[in-house]
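User: I am new to this structure and would love a close look at a single part of it. Could you walk me through the surroundings of the ligand?

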Amino acid sequence: MLPTGVLFETYSAEAGLLKTARARVAVAALVLALLAAPLATGAYLQGVATHMFITLIAVYGLHVTVGMAGQINIAQSAFVGVGAFATARLSEFGLPFFIVVPVAALVTGAVSVVFALPAARVKGFYLALTTFAAQVLFPIIVLGLPTSWLGGLVGLAVEPLTVAGRPMNTPTHMYYFTLALTLIASYAAFNLHRSRFGRALKAVRDNDVAAEVMGIDVLRHKIMAFFVGSMFAGVAGSCMAWVLQFVTVESFTLFTSVWYLGMLIVGGAYSPIGAILGVAFITLVQEGLHELGTAILRSGAQEAGGAIFAATNIALGACILIALIFEPRGLAHRWQVLKTGLQLWPFPHR
Amino acid sequence: MTRPAPLAAGISAAAAAGRRAPVLHAEALQLRFGAVAALRDVSLSVAENEIHAIIGPNGAGKSSLLNCLSGFYRPQSGRVYFDGEDITQLRPHRRAAAGLGRTFQGIQTYPSMTARENILTGFHNRMRTGVFGALVWWGRVRAEEEAFTAKAEEIIEFLELEELRHAVVGDLSYGLRKRVDLGRAMALEPRILIMDEPMAGMNPEEKGDLARFILDIRDANRIPVVLVEHDMEVVMDISDTVTVLDFGEVIAVGTPREVRENEAVIAAYLGTE
Ligand SMILES: Nc1ncnc2c1ncn2[C@@H]1O[C@H](COP(=O)(O)OP(=O)(O)OP(=O)(O)O)[C@@H](O)[C@H]1O
Ligand SMILES: [Mg+2]
């Protein structure tokens, strides 16, 4: 809900993403802080942030397929992989990034449709199984193809990213590059929600029987949900390829797919805010525990340090379970409650 | 949207109904579920501008008939014609695009969306924005969204839902959700409105409101309305033609008065109540 005193002259203004001056200031401040961050951080933290941005783009895509359209997908990491391999091959032609990224996104979307065609006809467990098959098939197919295609076991080297003729080869460069793509992806993800397409996906999720009778082609929209969700994965894959400079199937595992889902669940699957909060939260916990483990190791307590590393996945798994049991709407819902509380303060009435 | 006529008795049009060209025509529909014959040789003609009630005891096949009309069930044999076109093979969403508006038995709204979003989904086939427009949100997309929001607001005003436009539909009362369901069907800008037990579970006041909305929609848009209803008082009050189903068969068709006096109907249905 909105604070009082906010009035709209047009429905477009009402549909705006940042409806109040306060929201605009807050987002502007956040973007400025992200732009300035490299001045105060070293290569390690910039690398962590870069990785977080890439993860966020992939989770935005998962949010479209799973959150908006209600189609479970445990192959998002494989689709990121498709984008990365596509980028590696495209980079050989010396194409500029603003061609490579959209083409990689489209290629990834197209590949996902191959799997979505059968997947969209089944529900629940069988859908999960079909996407699981996509994840399992990914390395089998890459390794099975002639090595001259996708490099087989060795993988593919990626031609370095250049922007305006200059090579982007430092962590700071990659930080800014992925930040820019993350901002664009964020805008797109929020746009989906207020659009005809987004409403149709949500209609399919809420009640597919009614949606079909009300004129929405349910099958087509389920497939499109995979297509769009995988385009985000493709963009994330492009970033990943340039950051890693070398792509192999090992970077795109079922484990990562499950983590993407976990982040979406912890944050809240129903809004892009959930993707942001989930990715930020899990990354913070991961990094926090990692720091803690390293510190303990340095102090000489080998076993305690090792235990922390082993416990990281248990702790993160516990986060997902707690979210599922106590707040299925995720951190995004908590955030909404908090925000409404602040807007109403000090008068606790609507 | 204007509301020209108040709650009218609505019986005057009945006499003429039989002579007008049918908008929707179902012919010899047969529908079986395993051993159960839900529809046996059912035919139905809905004339322009009429309110056509379908009544019958529980399990008579009323919902099955509506589902065959809207394409959700495929009859094993028989045909459905809409505006002279054979639509028997069309999938439900294509029929909706062709102008068949539908409301459901029970609650079939989209619970996580607001009342206005529910209604906006009804415009799906009138809007053009595709996937890329949705992602980029360029000027034309914005303009389309503005225009259709204004249209949705007309429906919201008509159904007196102004206070609830941003309310999440899952939180609304039964009667209000049914009203949102009707609003969504109106957004299809249908050329016929098909309603399955729109008043079931409503209190008399809500029923009165809905009866008024149904008559107003018919009068304002000049479209026929097909409705399944158990409340005999409402049926006799607002319908021009009544079709009576029993065990999957049509046992009577006529004006409310004719049907009320029909012996087979009294025996099969009214008599047993
Ligand atoms: N999907 C289905 N699968 C199996 N049987 C069905 C199905 N739909 C309807 N039937 C059966 O077909 C018959 C007619 O059902 P239908 O729902 O059309 O009745 P109805 O007249 O709408 O009843 P009610 O007044 O209870 O809504 C019933 O015997 C019902 O059990
Ligand atoms: Mg029924």
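Analyst: Here is a walk around ligand 1, with a short look at the cysteines at the end. Please keep in mind that this is a predicted model.

Let's start with the neighbours. Ligand 1 is surrounded by 15 residues, and the closest of them are B:Asn58, B:Gly59, B:Lys62, B:Ser63 and B:Ser64. By character, the shell around ligand 1 is made up of six nonpolar, seven polar and two charged residues.

Now for some individual contacts. B:Lys62 brings a polar side-chain atom to 2.8 Å from an oxygen atom of ligand 1. The backbone takes part as well: a polar backbone atom of B:Gly61 lies 3.0 Å from an oxygen atom of ligand 1, and for B:Ala60 the distance from a polar backbone atom to an oxygen atom of the ligand is 3.2 Å. On its own, ligand 1 would expose 640 Å², and the protein buries 65% of that area.

Which elements give two or more residues to this shell? They are strand S2 (36–47) and helix H2 (62–70), both of chain B. The largest share comes from H2(B), with three residues.

Finally, the cysteines. A:Cys319 has a relative accessible area of 18%, so it counts as buried, the cut-off being under 20%. B:Cys68 is buried too, with a relative accessibility of 0%. As for sulfur pairs within 2.5 Å, the count over all chains is zero disulfides.

Methods: Residues are numbered from 1 along each chain as its sequence is written. Chains are lettered from A and ligands numbered from 1 in the order in which they are written. This is a predicted model: local features need pLDDT of at least 70, side-chain atom pairs count only at pLDDT 80 or more; totals for chains, interfaces and linings use all residues. Side-chain values use heavy atoms; hydrogens and water are left out. Buried means under 20% relative accessible area, exposed over 50%, partly exposed in between (1.4 Å probe, protein chains only). A residue is near a molecule or strand if one of its heavy atoms lies within 4 Å of it. A polar contact is a pair of N or O atoms within 3.5 Å; within protein, one must be able to donate a hydrogen and the other to accept it, and residues adjacent in sequence count only if both atoms are side-chain atoms. Accessible areas come from the Shrake-Rupley method with a 1.4 Å probe; for residues, only the protein chains shown count as cover. Helices (H or I, at least four residues) and strands (E, at least two) are DSSP runs, numbered from the N terminus. Ala, Val, Leu, Ile, Met, Phe, Trp, Tyr, Cys and Pro count as nonpolar, Asp, Glu, Lys and Arg as charged, and the others, Gly among them, as polar.
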